[in-house]
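Colleague: I am still learning how to read a structure, and I would like a close look at one buried position and at what surrounds it. Could you then go on, step by step, to the links and pairings found elsewhere in the chain?

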Amino acid sequence: GEDKFQNEDSPQSKALAWIENDDPQVDTGDKSILVTRYALMVLYFSLGGENWESKGFWGTSQNECRWVNIDCDDDGNVRSLNLSGLFLSGSIPN
């Protein structure tokens, strides 16, 4: 199968490029935060996030718990996503 990281247009490749080039959290060294933010950005790029009317901090330096429609627990772990009303397009990659 196709290597998702070699195709620069794949959601996985776009999310990795975002982590490497634009995400200030990369400097924290906290791997769990990077994995969480990478997974969220794969969803973002897979579901047409660039075209969402309200991006609500997605893909910004803000803590992912501040991104619109993300619910976190008291320890800052993502607990759930509510993606309704974002006018999603695309599909979640496997």
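Modeller: S46 has a relative accessibility of 8% and counts as buried, because the word buried applies to values under 20%. This is a predicted model, and in it S46 lies in helix α2. Leaving aside residues up to four places away in sequence, S46 touches P11, S89, G90, S91 and P93.

Helix α2 also matters for the view of helix α1, since what covers the buried residues of α1 includes α2. The buried residues in α1 are Q12, S13, A15, W18 and I19. K14, by contrast, is partly exposed, with a relative accessible area of 30%.

K14 leads us to the salt bridges, of which the count comes to four. In one of them E50 is joined to K14, and the closest N and O atoms are 3.5 Å apart. E50 lies in the loop between α2 (31–46) and β1 (70–72), while K14 is in helix α1 (residues 11–21), so this pair ties together parts that are 36 residues apart in sequence. E50 counts as partly exposed, at 34% relative accessibility.

Another of the salt bridges brings together the side chains of E64 and R37, at 2.9 Å from N to O. Here E64 belongs to the loop between α2 and β1 and R37 to helix α2, so the pair ties together parts that are 27 residues apart in sequence. Both E64 and R37 are buried, and together with D23 they are linked in a network of salt bridges.

The same loop takes us on to a covalent link, and the count of disulfides comes to one. The disulfide joins C65 to C72, with a distance of 2.1 Å from S to S. The torsion about the S-S bond of C65 and C72 is about -95°, and the disulfide is therefore left-handed. The two cysteines can be described by their accessibility as well: C65 is partly exposed, with a relative accessible area of 25%, whereas C72 is buried, with a relative accessible area of 16%.

C72 falls within the range given for strand β1 (70–72), and this strand deserves a look of its own. Strand β1 pairs with strand β2 (residues 78–81) in the antiparallel sense, over three bridges. The two strands, β1 and β2, form a hairpin that has five residues between them, and in the turn G76 has a positive phi of about 85°. Across the pairing, D71 stands opposite S80 in β2.

D71 also takes part in a salt bridge, in which its side chain meets that of R79 at 2.6 Å from N to O. Of these partners, D71 is partly exposed, with a relative accessible area of 31%, while R79 is exposed, with a relative accessible area of 56%. R79 is called exposed because that word is used for values over 50%, and values in between the two cut-offs are called partly exposed.

To return to your starting point, S46 is a buried residue of helix α2, and P11 is among the residues that S46 touches. P11 is also where the range of helix α1 (residues 11–21) begins, and α2 is part of what covers the buried residues of α1.

Methods:
Residues numbered from 1 in each chain as written. Predicted model: local features only at pLDDT ≥ 70, side-chain atom pairs only at ≥ 80, totals over all residues. Heavy atoms only, no water. Disulfide = S-S within 2.5 Å. Buried < 20%, exposed > 50% of the residue type's maximum accessible area, 1.4 Å probe, protein only. Helix = DSSP H or I, 4+ residues; strand = E, 2+ residues; numbered from the N terminus. Contact = heavy atoms within 4.5 Å. Pairing = 2+ DSSP bridges.
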